[in-house]
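Colleague: I want to learn to read a chain-to-chain interface. Can we work through one?

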Amino acid sequence: MRQLGATALLVVAAAVLFATLAEAPPFGWQEAPTRNVITDRYLAPGAGETGVLNAVTRIIFDYRSYDTLGEATVLFVGVAAAVVVLSGRTGRFAVRLAGGSDDPVLQTVTRVVVPLVQVFAAYVITHGHLSPGGGFAGGTMLGASFVLYLFVFGADRARRKLRPETGEMVEGGAAVWYVLVGLGGVLMGASFLANAAAGFPRGVEGALLSGGAVWLIGLGIGVKVAATVANLFLHLTGED
Amino acid sequence: MRHLPILLTVVPLTGAFLVPVLGRRPDRAYRLALLSVLLVLACAAGLLAMTGSGQTLQYYVGDWPPPWGIEVRVDALGAMLATFFAFVYLMVVLYAGSSVRAELGPAAQFWYWSLLLLLLAGINGVLTARDLFNLFVFTEIASLSACAIISVRDRLDSMEAALKYLILSAVAGGCILLGVALLYMVTGQLHLDHLGAALPAAAGSYPRVLLAALALLVSGFALKSALFPLHVWLPDAHSSAPSPSSAILSGLVVKLGIVALVRLFFVVFDWRRLVTLPLPTMVMAMGALGIVLGALFAMGQRDLKRMLAYSTVVQVGYIYFGLALLDEIALTGALMHVVNHALLKSMLFLCVGLIISRTGERSTAAMAGLARSMPLTVASFTVGAAAMVGIPLTNGFVSKWYMVLGTLNSGRPAMVAVILVSSLLSALYYFPLVVSAYFGRPASPQAEGPEGPPAMVWPVVGLAAVCLVLGIWPELPLRLLGGVARVMLGL
Amino acid sequence: MGMPLALFVRLNYMAAITLFLIGLHVLLGHPNLIKKVMGMNIMETGVFLFLVSIGYARHSAAPIMSPGGAESGLYANPLVSAIVLTGIVIAVSTTAYTLSLTIKLYEHCGTLDVNRLERLRR
């Protein structure tokens, strides 16, 4: 019954959407309606009015920073919800996901790889305004290095490196940092989450320390995402 | 003062993020939540005072003017809903302050306050959003935290209901995002006003894309607001949640889809063009079906919370019905009903929560003879039941009366029968409860002592009092919402 | 331009919509919870592919400016990339939450089949 209903819905939706697509602006069209004054300003050459070279970073941390605050919030909600659900697991069919491994090769390689991953993650987080990547990508890498450690050395040793309470605290703190940077704009007489308009220094074009609030927010997001990933895996792999 | 619109979301967000920073302390988290909600209520009331004089407050986040940046805008509708929703929130938080200790485990208690604040931020974000993608982001925040405040209860049925709700929310979210993508593809705009301005040109070249986008957005938001027959997730979700969560979910969260659709219909898609489509008629038919069939389902329930949940399907049907009439008076009534139902349904869920915590039962039979031991709760429940049926001097009567007038005014006298029949059906499932509470014989000997902790009883009484006040003096909100309706219809 | 040709020059959109529909079908029709989560992710990936496809223009480069650059080359639309980034994070959070609910339900009931879960509840 459920299957039949889903299939009927699929057929109807497919017919409607494919008929729609036949009329859509062609793929790769250089004069598509989406190319307008908005994208022109986003794609201004050089570091422009935001002090940021990466146009995607300009949008997520400056022009549409409010959406990104919302995005960070969704992540916070998702993890908080997961943590609550996973706390106090007492079921009959309990699963242990990470007991660790005793293999010396695996452990040695992990010891070498984890710092390298972390250095690269730090590079990606701090250079989000100049090159591809940024807080979200770098933060995920930083979190992934912890996940690797957790799977190789086991949840108990990982817990000694990062206690869940500390992870939660860092996560919340980094989110508060985002809001504080936004309120900095208010204190300087501009609007919430304002960057250059509030007087955050744009810096030298292409320099590491440039982009004003964008750089500060990117740093916070990197820390927050790393804490989120680590925290989530700590809770997914064992009882609290 | 200039920053008030953004504070509606920033204050609860900061509160929610600070909860884990302060450590795992439920008492601190509760005080933080109370403080944040009070601040939000103050901001919303200030905004209501400003917008009441016909002003609309615009706020460019990051000082980027639209269409480049995100605008947050508070109009009379947004300010009014934000104020009443914050009031409901305050009452629910006060109530939950003493009820969660009994209902939730220690780890969940501490996160519960954070999740409630996140949901409030999501609600206020949707009410103030003026950018289509921003609207989507805050809708997702609200949906996800709405599921989360169900699954905080460590019980199998809550988990399952939350999962069902979550999966259907994900479907709705996918549809909405695809709809946003299609709209952006043919217009290149995301700001609602700029979208509205770009649509006539796009309609010439890409009529089918716009139709598909409209269909996706309407089905997505209708699923999130439980328009019949997309309500299947609602009874499980709302009845298995802890009582304060049920109050917020039924009273406030289902309204968000409606508010989003109001923005879409009256700002983006010009409603004058929409009437050439079968869409208003379809929405009206689905609303009418929800009104009648939802009431029939509610009559069959033996569980108090499930009955109230089906009653929410009915009331959502009313609101959609009133909107789809596209008439000034009916629209005023429908918007008024959004406010009224928020107050009423949250109050009724809190009443039932009190009854459950006292009697330990959740069946309709538990109400028998309760009037002697729980006079304030039963009196509040009576106000709620009378308002749901539409008895004069309650706020429910005012909005239903306006919808009846609007139905006549728009030249559809036959549809009045739907409203009248449904009121009759509501009476058939609400009044037996009230009668048995006053005149019934209690099933078991009742415990002596007070009705419950005062912090749980007085919020309920407060909500009931506001319902009565709005029923006796409805002029001010009606004048405001009448103005909103005229602006929306371009009169 | 006939329908087949019209669809051919929009092949990317077609692939994206096909992914969306496959995901939707699995999400709604499959009884296994893990498969449902996979369907959810496939559906969302379809939407993201669609969004990214909207942003592409022929011969355009990634929207990263060079310092001091006065050149105005053709770049891909950065707005859709930003939207996709937000969408991905939302999808990740939803997935994490759904999976944790799934783990919890499995630990209590020992099954991932929604039909059996419904029967167990009664």
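Modeller: We take the contact between chain B and chain C, then a helix of chain C.

Modeller: This is a predicted model: local features need pLDDT of at least 70, side-chain atom pairs count only at pLDDT 80 or more, and totals for chains, interfaces and linings use all residues. Residues are numbered from 1 along each chain as its sequence is written, chains are lettered from A and ligands numbered from 1 in the order written, and side-chain values use heavy atoms, leaving out hydrogens and water.

Colleague: What area is buried between chain B and chain C?

Modeller: The size of an interface is often given as the accessible area lost when the parts come together. Here it is about 2800 Å², with 84% from carbon and sulfur atoms (1.4 Å probe, summed over both parts). In chain B, Glu160(B), Leu163(B) and Tyr184(B) lose the most area to chain C, together 20% of what that side buries.

Colleague: How many residues does each chain bring to the contact?

Modeller: Contact means heavy atoms within 4.5 Å. Chain B brings 30 residues and chain C 33 residues.

Colleague: Which side chains form the salt bridge?

Modeller: A salt bridge puts a side-chain nitrogen of Lys or Arg within 4 Å of a carboxyl oxygen of Asp or Glu. The count here is 1. Lys104(C) meets Asp154(B), at 3.4 Å from N to O.

Colleague: How far apart are the end C-alpha atoms of H3(C)?

Modeller: Helices are DSSP runs (H or I, at least four residues), numbered from the N terminus. The expected span is 1.5 Å times one less than the number of residues. H3(C), residues 33–55, has 23 residues, so 33 Å is expected; the ends are 34 Å apart, which agrees.

Methods
Buried area is the accessible area (1.4 Å probe) that two parts lose on being put together, summed over both. Helices (H or I, at least four residues) and strands (E, at least two) are DSSP runs, numbered from the N terminus.
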